[in-house]
Amino acid sequence: MRSLAWLWVTAALLATAWMGVAGTQVGTWPEACHLLGHLVLCGGAAFLAGRSGDAWVGAALGIGLGAAIELVQLPHGQTWIEASYDLGVDVVAALLGALVADRGERSGHLASAVLHPLLIAPLGLAAAVYVVARDAWEAIGWTLVAAACLGPAVGLWVVGTTGGWWSDADVSRRAERGPLFAAGVVCAVGFLLVAHRAPAPVPHLALVAAGCAALGALLTRLGLKVSGHVAIPAALGLLVAPSRIAVPLLAAALLLSWARVAARRHRPVEIVAAWLVAAAGAIP
């Protein structure tokens with residue numbers, strides 16, 4: 001099976017190299033075929049390697065294949081924005097392949113770690129701003145502002161995790177989440193105050209962040225441990241739909257919906273609650 005995985009990777013690289021030389025670009029094929037190609041190539045490599053060894057090895061191989069594909073195609077007219085988009089799809093596809101191969105806690109924790117909110121939130125925010133503003137520097141600038149506003153809550157999480165204040169890095173026990181969620185709501189409101197006169201869509205994004213944080217904290221207080229891993233990419237994906245950027249964000253949210261249950265961090269009802277929180281915040 002491992003030999004088959006490497007044969008798969010070699011064939012994929014040769015095929016994508018040929019497509020680059022032949023001048024195949026985004027738009028030449030239907031978008032569904034483009035996405036399916038990335039899913040099959042990177043997800044298939046991760047599945048084959050994961051079945052013959054470790055889910056982590058499978059995911060690494062699938063993600064590495066995705067990165068190699070983009071490097072192969074860059075000299076043939078691929079833009080860095082399109083390459084970044086494709087790589088996001090490749091990462092989700094590889095994690096899906098590893099999860100299908102393993103179907104256990106290990107792959108669930110792997111997907112949760114790679115698609116952690118600390119990574120997804122800034123990337124998704126920058127993508128959401130870029131979709132409207134079409135200015136990469138503006139997207140980066142407001143993402144840094146948001147990071148600065150939310151920094152105290154992140155700092156509390158880091159200190160609490162390293163200091164053993166809670167059970168694990170996911171703060172899995174609902175009773176331990178109160179102070180962290182309160183800090184998150186305060187920081188989100190701070191970002192809302194800073195961004196209220198910013199160009200579109202930053203004020204709306206800040207309002208959604210504050211609203212989702214407050215609703216998530218309230219539901220947690222009432223006894224439902226809402227999944228932030230799922231709610232964040234789901235809300236961002238719904239916000240930018242139907243643009244292409246929504247695809248990797250919503251795909252990540254769907255993958256994490258499975259992974260968080262597989263990792264035994266959430267019950268299915270808490271995953272449903274995360275989607276409802278995202279929809280309540282993101283849909284006008």
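**Exercise 1. Locate Pro201 and describe the peptide bond that precedes it.**

Solution. Pro201 lies in the loop between α8 (178-195) and α9 (202-221); helices here are DSSP runs of H or I with at least four residues, numbered from the N terminus. The bond joining Ala200 to Pro201 is cis, with omega about 5°. A second cis bond runs from Ala241 to Pro242, where omega is near 10°. Pro242 is placed in the loop between α10 and α11 (246-262). As a general rule, most peptide bonds are trans.

The model is a predicted one, in which local features need pLDDT of at least 70 and side-chain atom pairs count only at pLDDT 80 or more, whereas totals for chains, interfaces and linings use all residues. Residues are numbered from 1 along each chain as its sequence is written, and side-chain values use heavy atoms, with hydrogens and water left out.

**Exercise 2. Determine whether Val171 and Arg264, each with a positive phi, are buried or exposed.**

Solution. Begin with the backbone: phi is near 50° at Val171 and about 65° at Arg264. Neither residue is a glycine. Most residues other than glycine have a negative phi. Next, the positions: Val171 is in the loop between α7 (136-163) and α8, and Arg264 is in the loop between α11 and α12. Finally, apply the cut-offs: buried means under 20% relative accessible area, exposed over 50%, and partly exposed in between (1.4 Å probe, protein chains only). Val171, at 2%, is therefore buried, while Arg264, at 66%, is exposed.

**Exercise 3. Characterise the packing of α10 against α12.**

Solution. Take the geometry of α10 (residues 228-240) and α12 (residues 268-282): the angle is about 35° and the axes are 8 Å apart. Axes are lines fitted to C-alpha atoms over the stretch in contact, and angles run from 0 to 180 degrees between N-to-C directions. Then list contacts, meaning heavy atoms within 4.5 Å. The α10 side includes Val230, Ala234 and Leu238, and the α12 side includes Ile271, Trp275 and Ala279. By class, the contact has twelve nonpolar, no polar and no charged residues; Ala, Val, Leu, Ile, Met, Phe, Trp, Tyr, Cys and Pro count as nonpolar, Asp, Glu, Lys and Arg as charged, and the others, Gly among them, as polar.

**Exercise 4. State which residue lies over the face of Tyr85.**

Solution. Arg244 does so, at 4.1 Å from the ring centre. The criterion is NZ of Lys or CZ of Arg within 6 Å of the ring centre and within 35 degrees of the ring normal.

Key. Helices (H or I, at least four residues) and strands (E, at least two) are DSSP runs, numbered from the N terminus.
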